[in-house]
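Biologist: Could you walk me through this protein's strands and sheets? I am happy to take them one step at a time.

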Amino acid sequence: MMMSKLVFALVFLVYPFLSSARHVITFRSSTSLQPSSLAWDPIAQHFVVGSVSGPTIHAISDAGVVEHLLSDPSTTGADGSATSVAVDPVRRRLIVGFSNPGSIAAYDLKSYERIFAVPLPEMDTIPGGVAVDLRSGEAFVSSTKRGVVWKVGLDGAVRVISESKIFGSQGLGGVVHVGRGYLLIVQTEMGKIFKVDSDDGAAKEVLSSGSSKPLVSAGHAIALHPDLSLIVATNRSVLLVKSDDSWAQAAVHDKSDLGDGVTAVAVAIREGKKAYVLVKSQEGYRIEEVAWERESEGDMVWGLVLIGLGLAYFMFWRFQMGKLVGNMNKKQA
């Protein structure tokens, strides 16, 4: 009886190690909120999502409360979509890529008043991703239609920085600014990752370490972790891609399978630490913390180690108590 109680107590104490539970935020979608993009606002402490069903931006709290932040049909028309979002916490701006027609806009993070809104050179384009250089404030926009990357100045001036032949005829997806003078961009259909110079647009493919295959399969959204690893959303999983400082080669270091019927829509880094993924399933949309396979396995091992140590200590204590009781009985005799 005592042994069963001890085991129960040990399991209860190490449950956080054994549990695979992750932070999950559920919220209700609507006709004006069909999420298409995701970013974390460290100032307001909430997620920001764009909508494919209209030129609208919403905030999602930890409790799943949805707050309408802005709607800007004058920029794209009522049929436009907010396909990409990025937060510039230094200048307290929200950068949004719109489609139908293709445009880029910046808004004040406090008042959500428009700072500028300009059309992209190719009006029929759909922005695949938006990233911000936190030092200069310049934004970078990729196109899902073809291999082109635009740079957007603080005043809204737009120019092409890369139309590299290495992109081929395929469109581009998510983009991040690494902060060392280059961008990382994922190719939506082929799964290739490109390293692009943020000044002259020179592009190279990031090769897969030990393989000639593309790094990922059909990746469409990416986020950059502060340790310079890359979080990549594919249709059914989230991948952790790591490289050396040069990003000449890289490899998939870890992954998180989302399960049957669940599709990854976008990814974001929260507080510079945790990776979160926006997913869609038959039950609707939700934002959940990414649970990496290796991390979960490590937690399980530590939990079992703690249980083993606890049982060993109990057996040692029981043996010592038995000896003590035996010695006392001898003295009494």
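Here is a short conversation about the model and its sheets.

Biologist: What is the mean pLDDT of the protein?
Modeller: Good place to start, as this is a predicted model. pLDDT is the predictor's confidence in each residue, from 0 to 100. Here 82% of the residues reach 70 or more, and the mean pLDDT is 86.

Biologist: Over which residues does pLDDT stay under 50, with 20 contacts beyond four places in sequence?
Modeller: There are stretches to read with care. Over residues 296-307 pLDDT stays under 50, and the model has 15 contacts beyond four places in sequence for them. The stretch with 20 such contacts, also under 50, is residues 6-19.

Biologist: Is strand β2 largely enclosed or not, and how many of its residues are buried?
Modeller: Strand β2 covers residues 35-41. A residue counts as buried when its relative accessible area is under 20%. The strand is largely enclosed by the rest of the structure, because the number of buried residues is 7 of the 7.

Biologist: Which residue in β3 is the bridge partner of Ala 39?
Modeller: Let's look at the two strands together. β2 and β3 (residues 46-51) run antiparallel and are joined by 6 bridges. One partnership links Leu 38 to Val 49 in β3. For Ala 39, the partner in β3 is Val 48.

Biologist: Which residue in the hairpin of β2 and β3 takes a positive phi near 60°?
Modeller: This hairpin has 4 residues between its strands. The residue with the positive phi near 60° is Gln 45.

Biologist: Which are the edge strands of the open sheet with the order β2-β3-β4-β5?
Modeller: This sheet has 4 strands with antiparallel pairing. Its neighbouring strands are turned by 25° against each other on average, direction ignored. An edge strand here pairs on one side only, and the edge strands are β2 and β5 (66-71).

Biologist: What is the average twist from one strand to the next in the sheet β14-β15-β16-β17?
Modeller: This is an open sheet of 4 strands, paired antiparallel. Its edge strands, each pairing on one side only, are β14 (172-177) and β17 (203-205). From one strand to the next, the twist averages 25°.

Biologist: Which residue in β17 is the bridge partner of Lys 195?
Modeller: Strand β16 spans residues 193-197. It runs antiparallel to β17, and 3 bridges join the two. In β17, the partner of Lys 195 is Lys 204.

Methods: Residues numbered from 1 in each chain as written. Predicted model: local features only at pLDDT ≥ 70, side-chain atom pairs only at ≥ 80, totals over all residues. Heavy atoms only, no water. Pairing = 2+ DSSP bridges. Axes fitted to C-alpha atoms, helices over the stretch in contact; angles between N-to-C directions. Buried < 20%, exposed > 50% of the residue type's maximum accessible area, 1.4 Å probe, protein only. Contact = heavy atoms within 4.5 Å.
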